[in-house]
Amino acid sequence: MHCYEGFCGKRYSPLADMPGSLYETSNLDRGGSNRKKKIEEFSRSSREKLVQSKNKMFSKFTSILQHAVEALAPSLPLQEDFVYHWKAITHYYIETSDDKAPVTDTNIPSHLEQMLDILTQEEAERESGETGPCMEYLLHHKILETLYTLGKADCPPGMKQQVLTFYTKLLAHIRQPLLPHINVHRPVQKLIRLCGEVLAAPTENEEIQFLCIVCAKLKQDPYLVNFFLENKSKRPEIKSHVATEGAKENALAPDTGQSLAEEQADHQDEPQAAAAVSTSSPTSNNNSNNYNLVTSLLNLTKSPDGRIVVKACEGLMLLVSLPEPAAAKCLTENTELCELLTDRLVSFYKALPQSMDPLDIETVESVNWGLDVYNLKEDAAVFTGKRALISFLSWLDYCDQLIKEAQKSAAAVMAKAVRERFFVSVMEPQLMQTSEVGILTSTALLNRIIRQVTSEALLQEMVYFLLGEEREPETSATIAQNPLRHRLIEHCDHLSDEISIMTLRLFEQLIQKPNQHILHNLVLRSLEERNYLENKPQEEREPLENGQPHDAVDLEEDPLFGDDLSPESRLSGSDWLSTSPPQSPDHSKSEGKTEVHKIVNSFLCLVPDEAKSSYHVEGTGYDTYLRDAHRQFRDYCGICQRWDWRGNPKPFEKCNLDIPFFEGHFLKVLFDRMGRILDQPYDVNLQVTAVLSKLSLLPHPHLHEYLLDPYINLAPGCRSLFSVIVRVVGDLMLRIHRIPDFTPKLLLVRKRLLGLEPEGITIDHMTLLEGVIVLEEFCKELAAIAFVKYHAAASSSP
């Protein structure tokens with residue numbers, strides 16, 4: 001190297017000006033000491049890299065050599081092989097000073113995999129339930145405890161992932177019950193607490209797999225859940241500093257297969273034994289228990305990864321179904337499960353648009369939680385808010401299924417939480433508002449919620465929210481006792497036809513749910529005392545004479561209800577449905593048939609011939625309603641059979657007939673609407689008659705008598721469905737003669753409604769003509785229902 005004498009006699013090198021050069025000098029020291037320092041640093045760095053490279057090569061060479069030896073050498077006994085692999089792991093921590101290298105660069109994963117294979121092989125070679133020496137070794141030497149310590153420290157990096165995988169595969173592959181062992185369930189409990197600590201952690205997938213296999217094991221043996229109800233006052237980690245340090249030393253000490261450091265083991269086992277007693281048996285005070293398994297799953301439901309969320313929800317589904325009362329109580333009182341369900345339900349509901357088309361809400365595809373695949377662009381193109389609606393309905397479905405699967409006491413608590421924190425706090429203000437757009441949207445959403453809920457506990461709480469818990473008979477002074485119930489029933493007769501139709505649909509959906517309180521609260525409690533009847537014995541009544549029309553159908557000859565009706569299609573359990581008026585023991589079959597004809601023809605003859613148009617159009621006769629009525633009544637019988645609805649009406653002498661009769665707020669509004677059928681829009685009339693026909697199908701003797709018996713003697717001032725229709729027909733008779741060409745216009749309107757005629761010129765009195773058509777069809781439907789119910793009772797009677 002060429003150097004030159006500079007000014008003042010200093011030596012100068014061209015390399016000194018090169019940035020980052022080993023010869024670069026500072027203003028403080030341009031001598032040789034700085035150059036020497038940099039050369040030493042460079043050399044040390046090179047040596048470290050060379051050592052790391054050699055270590056990696058040595059690890060790979062060792063692994064290859066090990067596999068070669070295993071392939072060529074005779075196999076060792078399983079226990080020796082198992083101990084060898086475990087010692088290889090513990091020796092790594094003793095011999096290796098580099099704790100920054102990832103675990104995948106070591107042989108630890110391979111050794112753990114070999115240990116699992118040995119345990120699985122050992123179990124396969126032994127009789128069921130017999131514990132082999134390898135498993136005994138794992139349990140006696142607390143290998144799972146040691147692995148937990150290493151996983152918690154995540155040393156080397158990635159060790160936590162390996163430990164989670166080992167635990168998961170061990171519990172999944174080994175058939176014999178491991179969790180009852182204290183040296184298994186205790187480290188499992190500790191590892192559970194490490195799960196869900198950090199959102200979007202790199203070990204999330206392994207964490208959820210581990211938690212789900214624990215849940216699955218608890219589902220197989222529910223009593224084991226008591227091991228996981230940890231007493232807050234006796235946490236296993238709350239130990240003396242000396243004991244903790246001893247545990248760490250023990251975890252990393254070389255394992256010789258002998259008893260390890262007896263003094264340390266004894267010192268460590270004392271607090272652990274106390275913790276085992278507290279965790280392995282249900283405590284007397286469950287309020288002080290932690291349910292860490294639930295807590296970790298709840299944390300993972302907040303993961304940004306949807307697959308992790310679904311898995312966590314599945315784990316919770318398994319846990320809530322466990323029948324252990326202590327676990328159910330701890331689940332609802334000491335975890336945030338109820339808060340998770342309700343808070344997320346509220347947030348999804350509040351994310352919905354303020355205004356939505358009821359048809360969109362009603363027709364959006366069926367949603368199952370965890371299975372909703374969506375495309376934001378496609379959803380937005382269908383209608384605004386579709387994605388938010390599907391998210392809400394999906395979470396609602398999860399809440400419903402979770403409560404449906406839950407242990408009974410836990411289900412009741414969760415359902416009550418949904419009622420208080422969602423229905424009362426969020427939905428009630430929406431339903432009570434005065435904005436018509438808001439009322440329509442919230443009612444449509446409530447209708448969809450009612451349709452979707454299937455769990456008994458959640459349905460019960462929703463019904464109490466909507467209708468109240470009152471069971472005593474209504475009076476005109478108490479109809480506003482429950483503000484929400486009163487408002488909803490009033491909405492059935494709202495100035496807005498859309499609101500009226502949507503609310504009527506809501507009640508139609510409600511009365512089809514399998515809940516007795518709905519029907520009792522809405523209609524039956526007002527009919528309990530039969531004080532709608534005139535105050536004299538039923539035997540003293542003189543039935544009205546009602547001849548049969550010339551075109552009356554011989555109903556007993558109908559092929560659907562003939563004597564050759566197959567046993568499978570007959571209605572079972574209908575013996576508790578009586579006919580009205582009741583038949584005496586010597587009542588002959590011919591008299592019963594006559595009674596059926598009288599009832600049916602009373603409805604068929606209500607509408608005068610000049611107001612009938614169905615016989616002019618093929619396929620619109622009375623018999624078209626019979627099959628639907630038969631199917632629907634059979635479905636209702638299946639729902640109501642377990643309810644205490646006795647066959648005969650309450651005996652007259654036991655009825656309190658002195659109480660003034662009030663039909664109840666709900667029937668009052670329906671009858672008022674029915675009385676205006678000739679002046680209401682077609683869609684409103686269809687919905688009113690749909691609700692009344694559903695009520696008529698119910699197999700309750702009082703409701704059957706009140707709605708379907710034309711011959712009852714009503715008390716003064718009382719009305720029945722038949723009497724309401726009679727008044728409508730009387731009004732119709734007066735109007736018919738004022739409308740020229742009434743019958744041709746009526747037939748034209750019917751054909752247009754059926755799509756048989758194109759829309760043409762506007763027809764006068766369209767609302768009246770459509771109302772007459774609905775009235776005629778409704779009377780035919782009631783006749784069919786009456787016949788089906790009489791026939792069912794006759795078929796089931798001896």
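**A buried helix and two helix pairs**

Helix H5 has a buried set made up of Ile143, Leu144, Glu145, Thr146, Leu147, Tyr148, Leu150 and Gly151. That is 8 of the 11 residues in the run 143-153, so H5 is largely enclosed by the rest of the structure. Right after H5 comes aspartate 154, with a positive phi near 50 degrees. All of this is read from a predicted model.

Zooming out, the protein holds 31 helices and 4 strands. Its 798 residues are 49% buried. About 39000 Å² is exposed, and 53% of that area comes from carbon and sulfur atoms. As for contacts with a separation of 6 or more, 79% join residues 24 or more positions apart.

Now for the helix pairs. Two packed helices are described by the angle between their axes and the distance between the axes. Take H14 (residues 337-350) and H17 (residues 386-405): their axes come within 9 Å and cross at roughly 155 degrees. Angles over 145 degrees count as roughly antiparallel, so H14 and H17 get that label. Their crossing is left-handed. On the H14 side, the contact uses Leu337, Leu340, Leu341, Arg344, Leu345, Phe348 and Tyr349. H17 brings Ser391, Phe392, Trp395, Leu396, Tyr398, Cys399 and Leu402 to the contact. Sorted by class, the H14 and H17 contact comes out at 12 nonpolar, 1 polar and 1 charged residues.

The second pair is H19 (residues 436-452) with H22 (residues 497-510), packed at about 15 degrees with axes 9 Å apart. With 35 degrees as the upper limit for roughly parallel, H19 and H22 fall in that group. The crossing of H19 and H22 is left-handed. From H19, the residues taking part are Glu436, Ile439, Leu440, Thr443, Ala444, Leu446, Asn447, Ile450 and Arg451. They meet Glu498, Ile499, Met502, Thr503, Arg505, Leu506, Gln509 and Leu510 of H22. Here the split by class is 9 nonpolar, 4 polar and 4 charged.

One loop residue rounds things off. Histidine 700 sits between helix H27 (682-697) and helix H28 (701-708). Its relative accessibility is 12%, and since buried means under 20%, histidine 700 counts as buried. Setting aside neighbours within four places in sequence, histidine 700 is in contact with Leu524 and Trp645.

Notes: Residues numbered from 1 in each chain as written. Predicted model: local features only at pLDDT ≥ 70, side-chain atom pairs only at ≥ 80, totals over all residues. Heavy atoms only, no water. Buried < 20%, exposed > 50% of the residue type's maximum accessible area, 1.4 Å probe, protein only. Axes fitted to C-alpha atoms, helices over the stretch in contact; angles between N-to-C directions. Parallel < 35°, antiparallel > 145°, perpendicular 65-115°, else oblique. Left-handed = near helix turned anticlockwise from the far one by under 90°. Contact = heavy atoms within 4.5 Å. Nonpolar A, V, L, I, M, F, W, Y, C, P; charged D, E, K, R; others polar. Areas by Shrake-Rupley, 256 points an atom, 1.4 Å probe, with all protein chains shown as cover.
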